Protein chains: 2
Amino acid sequence: MATSKDVAELAGVSQSTVSYVMTGKRPISAATRAKVEAAMAQLRFHPNAGARALAGRRTNVIGLVVRLGVTTDMAGVLPFIDTVTSEAAARDFDVVLVTAEDGTASMLRLAGRSLVDAIVLMDIQAHDERLATAATLGIPVVLIGLSTDNHGLDAVDFDFRRAGALAVEELVASGQRRIVVLGEPPEVAAKDFGFVAGFEDGAVEAARLAEVPIVVLRPEVAGWRGMLELAPRLLEGREDGLGIVARTPQAITWVQQLMFIERLEPGHDIALVGLCTDALAQSFSVPVTNVSPEPDQVSRVAMARVFDLLDTDRPAGRIHLVPPRLTHRETTPPRGDR
Amino acid sequence: MATSKDVAELAGVSQSTVSYVMTGKRPISAATRAKVEAAMAQLRFHPNAGARALAGRRTNVIGLVVRLGVTTDMAGVLPFIDTVTSEAAARDFDVVLVTAEDGTASMLRLAGRSLVDAIVLMDIQAHDERLATAATLGIPVVLIGLSTDNHGLDAVDFDFRRAGALAVEELVASGQRRIVVLGEPPEVAAKDFGFVAGFEDGAVEAARLAEVPIVVLRPEVAGWRGMLELAPRLLEGREDGLGIVARTPQAITWVQQLMFIERLEPGHDIALVGLCTDALAQSFSVPVTNVSPEPDQVSRVAMARVFDLLDTDRPAGRIHLVPPRLTHRETTPPRGDR
DNA sequence: TTGAAAGCGCTAACAA
DNA sequence: TTGTTAGCGCTTTCAA
């Protein structure tokens, strides 16, 4: 591998000039810059990351800490990971991905070894033991998700509360007189994710304001079994106009399947709003009216925060909520129907 | 952050001794080792990754190059990513994740900057432009997936051909007299993934050996629409005993939904074998007899190869195929039925 | 069994 | 606008 010294020699300049051409931290004449860049290209020069990190104090790597074990739905995390890496790449940063149940040790390692410049922490729980550690790392940390105590760290999240409200508002506006929210099975609810409660609270509050009865149903057991047990209570009172809010992709699938079995027509006999990405909403046999959790948007904002904290030395502790977006599809009647 | 020099001073030894305690590359007396380790703990010492990479020539980081854009199913990649990172962590390695459509530039960067010690390349296509570059990187590269020309690189893959055969064999053994393989919509087939052809070839070959008619059906358009158009041909001749092989999670869902609509009972009126993980197979309303693509196993073997190439200097170019595993569930009748 | 010292390849003062 | 030079924190000869 060619070094910056090689480049300097070939270009007939000093090594520091090569460095300044790369970093742009001091003015370089056009002629010199051209010579250096030609030499770099000719030698296929890449600056050694280790040396760079050692001398400057930037690694150009950020750490992404995810806990896949706890994550609600697998497919759901990927858009975050994807957007985080692309946003990083756009700034010439790389991403070290850590998948650990308890990321505490990993974070201490990443920061302690000066392997990364900043950390993005995902899957935040209402009571999250990792945050105390994260706050003492000495490098910027941005949370994707909210905790009851963010320990002064910047946080970005989807506005789940507003999302729950939006789903209910759509159902009410389309004429439904009874709302059911399909909640989490006990394993997930026990995980202490703030967004589950937030979504449900938002839904309940919106129903209260609209003076429409609402009930949150939670399967006793996971899987289709739990869904079947819930079916009678779920479909109860549907003659008056029933609106179902499904909080997960899995729940959407189940509701659609249940309606097939019962020969109920989505959007006519029963209205359904799901919380899922647009792509998924469109893939169902009957396209689902959905509230999108905007993973791309959330990740993009989180990365903007990261670079913000890296460039300027702003005070941290800000919270950014990404608003939900509802798209009307075939599982809800046109507004004002009935 | 404490440095190894600080540790050396506190322990009353030289800096090189501290280094040797960490690397274990020369014998250290028990007493000295104890002193040094105490000092390291007291100072919360973490060796600086950049300095280490610069002086030694190991970064203890491996690169994982994925192309999420092209990937067939999103949820399917996560187990690979998860296992790769865990296997790395077990060896005190970190993973830099790159998501790029064309990973060529990324690989050159990762290797050129000496950011990683080795690379794992995923989503290999039959004709994969990236492999020529990968082969000249000067660091170990292990492929997850097969190409027509592996360029002398080590490759690990699931045995899709055998998997296709296994699915058909199960259906034939359970008494089905006609086999339909539900293939890919045109966008995916066009991606030139060897595993699609491999799976289908394996299925066709097995049917030929068993002298059972087989047909591969490919939806014209993506989504449920394409599925509906296929329905008549799919269900054709089911009176004689029809066995369906669904190659993707999506296809399994569709087949189950179609059977619901047609009031056909899976495992009785029609037999179904799906290619998907055990976890997914169990989550369907009727648990699906499945062939598992064993992502954990594949990733584990791939990582073993990586460390093998890193430690010893073996010749590369080996191919490892992970055998499929079929689990009988409720969508196929007990063997010998009918 | 241990220490001293010379770099690894870059960045960033300090000079000119 | 450019060059000189002193490190960054580790690994690894070479000596003892």
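How many helices and strands are there in chain A? Select chain A and colour by secondary structure: there are 14 helices and 12 strands. Helices are DSSP runs of H or I of at least four residues, strands are E runs of at least two, and both are numbered from the N terminus.

This is a predicted model, in which local features need pLDDT of at least 70 and side-chain atom pairs count only at pLDDT 80 or more, while totals for chains, interfaces and linings use all residues. Residues are numbered from 1 along each chain as its sequence is written, chains are lettered from A and ligands numbered from 1 in the order in which they are written, and side-chain values use heavy atoms, with hydrogens and water left out.

**Stop 1: the outline of chain A**

Stay on chain A and show the C-alpha trace. Along its principal axes the trace spans about 85 × 40 × 35 Å. The radius of gyration of chain A is 25 Å, whereas a compact globule of 338 residues would have one near 20 Å. That radius is taken over C-alpha atoms, and the globule rule is 2.2 Å times the number of residues to the power 0.38.

**Stop 2: DNA strand C**

Select DNA strand C and the residues near it (a heavy atom within 4 Å). You should get 30 residues, and the closest are S4(A), S19(A), T17(B), R26(B) and T32(B). They divide into 11 nonpolar, 15 polar and 4 charged. Here Ala, Val, Leu, Ile, Met, Phe, Trp, Tyr, Cys and Pro count as nonpolar, Asp, Glu, Lys and Arg as charged, and the others, Gly among them, as polar.

Now colour by element. α2 (15-23) and α4 (49-55) of chain A, with α2 (15-23) and α4 (49-55) of chain B, each supply at least two residues of this surface. The largest share, 6 residues, comes from α2(A). Of the strand C atoms within 4 Å of the protein, 52% belong to sugar or phosphate and the rest to bases.

Zoom in on the phosphates of strand C. A polar side-chain atom of R52(A) is 2.7 Å from a phosphate oxygen. Backbone N or O atoms also approach: one of S14(B) at 3.0 Å, and one of N48(A) at 3.3 Å.

**Stop 3: DNA strand D**

Switch to DNA strand D. Which residues are the closest to DNA strand D? They are T17(A), R26(A), T32(A), S4(B) and Y20(B), out of 29 that surround the strand. Sugar and phosphate make up 51% of the strand D atoms that come within 4 Å of the protein. By class, this surface has 11 nonpolar, 14 polar and 4 charged residues. Its largest share, 6 residues, comes from α2(B).

Pick the serines next. A side-chain N or O atom of S29(A) is 2.8 Å from a phosphate oxygen of strand D. For S19(B), the side-chain distance is 2.7 Å. S4(B) uses a backbone N or O atom, at 2.4 Å.

**Stop 4: the sheet in chain B**

Hide the DNA and select chain B. Six strands form an open, mixed sheet in the order β7-β6-β8-β9-β10-β12; strands pair if DSSP finds at least two bridges between them. β7 (214-217) and β12 (325-327) are the edge strands, each pairing on one side only.

Inside the sheet, β6 (178-182) and β8 (242-246) run parallel, joined by 5 bridges. Click L182(B): its bridge partner in β8(B) is A246(B).

How values were computed
Polar contact = N/O pair within 3.5 Å; in protein donor to acceptor, adjacent residues only side chain to side chain.
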